[in-house]
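The exercises below are to be worked with the sequence and the 3D structure at hand. Each task is followed by a solution in steps.

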Amino acid sequence: PTAEEATQDESVTAQETLLGLFATELLPEDLVLEEDFLDPELKLIYQDLRSGAHVSDILERAPDDASRSRLAEMFVSPQAEGTDEMIRMAQDCLKTIRSSSLKKRLEQIMAEMKTCSDPQMKQKLKAEYQELTARKQRDNV
């Protein structure tokens with residue numbers, strides 16, 4: 001796999017783990033946000049859980065055995081000694097997801113800047129790039 005594919009796989013794995021942790025209902029309410037789920041399918045599951053659906057409901061609605069198996073694997077609570085460890089695991093997942101998202105956006109900005117001929121737009125892209133680079137350093141992601 002390419003470096004981008006590896007980062008993408010790492011991000012999806014982190015999103016799946018995060019969803020499993022979120023399903024336990026032991027994480028603080030405001031720790032996990034909808035925008036942390038970049039995978040559309042996982043975002044929908046997050047929304048279902050957020051709105052009060054139970055894991056069993058989500059498993060029942062899975063369209064096929066492969067999906068059901070993937071979901072069951074996600075919902076087998078990640079092994080943790082307690083809530084504090086679960087929160088640390090969730091924070092690690094969030095760092096991976098947010099880092100991946102940031103890298104992807106920085107790459108998009110670079111590509112857009114190469115093809116952009118509008119000086120104002122180029123300036124906006126440059127400002128966003130600098131802001132994201134500063135955030136990346138500040139958050140150490």
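The exercises proceed from the overall fold to single residues.

The structure is a predicted model, in which local features need pLDDT of at least 70 and side-chain atom pairs count only at pLDDT 80 or more, while totals for chains, interfaces and linings use all residues. Residues are numbered from 1 along each chain as its sequence is written, and side-chain values use heavy atoms, with hydrogens and water left out.

**Exercise 1. Describe the secondary structure and the overall dimensions of the protein.**

Step 1. The protein has six helices and zero strands; helices (H or I, at least four residues) and strands (E, at least two) are DSSP runs, numbered from the N terminus.

Step 2. Along the principal axes, the C-alpha atoms fill a box of roughly 55 × 35 × 30 Å.

Step 3. Of the 141 residues, 30% count as buried. Buried means under 20% relative accessible area, exposed over 50%, and partly exposed in between (1.4 Å probe, protein chains only).

Step 4. Contact means heavy atoms within 4.5 Å. Among contacts between residues at least 6 apart in sequence, 60% join residues at least 24 apart.

**Exercise 2. Identify the nonpolar cores and the helices that supply the largest one.**

Step 1. A nonpolar core is a set of buried Ala, Val, Leu, Ile, Met, Phe, Trp, Tyr and Cys residues joined through side-chain atoms within 4.5 Å. The largest has 27 residues, and Leu-18, Leu-19, Leu-27, Val-32, Ile-45 and Leu-49 have the most contacts inside it.

Step 2. At least two residues of this core come from each of helix 1 (3–23), helix 2 (40–50), helix 4 (65–75) and helix 5 (83–115). Helix 1 gives the most, with seven residues.

Step 3. Apart from this core lies another, of six residues, including Leu-102, Cys-116, Leu-125 and Leu-132.

Step 4. Val-32 can be examined singly: not counting residues up to four places away in sequence, Val-32 touches Leu-18, Phe-22, Leu-27, Phe-37, Tyr-46 and Arg-50.

**Exercise 3. Analyse the aromatic pairs.**

Step 1. Rings of Phe, Tyr and Trp (its six-membered ring) pair if their centres lie within 6.5 Å; planes under 30 degrees apart count as stacked, over 60 as edge-to-face and the rest as tilted. The structure holds two such pairs.

Step 2. The ring centres of Phe-22 and Tyr-46 are 4.9 Å apart and the planes are at 45 degrees, so this pair is tilted.

Step 3. Because Phe-22 lies in helix 1 and Tyr-46 in helix 2, the pair ties together parts that are 24 residues apart in sequence. Both Phe-22 and Tyr-46 are buried.

Step 4. Ring pairs link Phe-22, Phe-37 and Tyr-46 into a cluster.

**Exercise 4. Is Asp-36 buried or exposed, and what surrounds it?**

Step 1. Asp-36 lies in the loop between helix 1 and helix 2. Its relative accessibility is 3%, so Asp-36 counts as buried.

Step 2. Leaving aside neighbours within four places in sequence, Asp-36 is in contact with Gln-15, Leu-18, Leu-31, Leu-94, Ile-97 and Arg-98.

Step 3. A polar atom of the Asp-36 side chain lies 2.9 Å from the backbone nitrogen of Leu-33.

**Exercise 5. Determine how the residues of helix 4 are distributed about its axis.**

Step 1. Ser-67, Leu-71, Met-74 and Phe-75 are the buried residues of helix 4.

Step 2. Seen down the axis, these buried residues fall within an arc of 90 degrees, so they line one face of helix 4. The arc is that of the directions from the helix axis to the C-beta atoms.

Step 3. On the other side of helix 4, Asp-65, Ala-66 and Glu-73 are exposed.

How values were computed. Polar contact = N/O pair within 3.5 Å; in protein donor to acceptor, adjacent residues only side chain to side chain.
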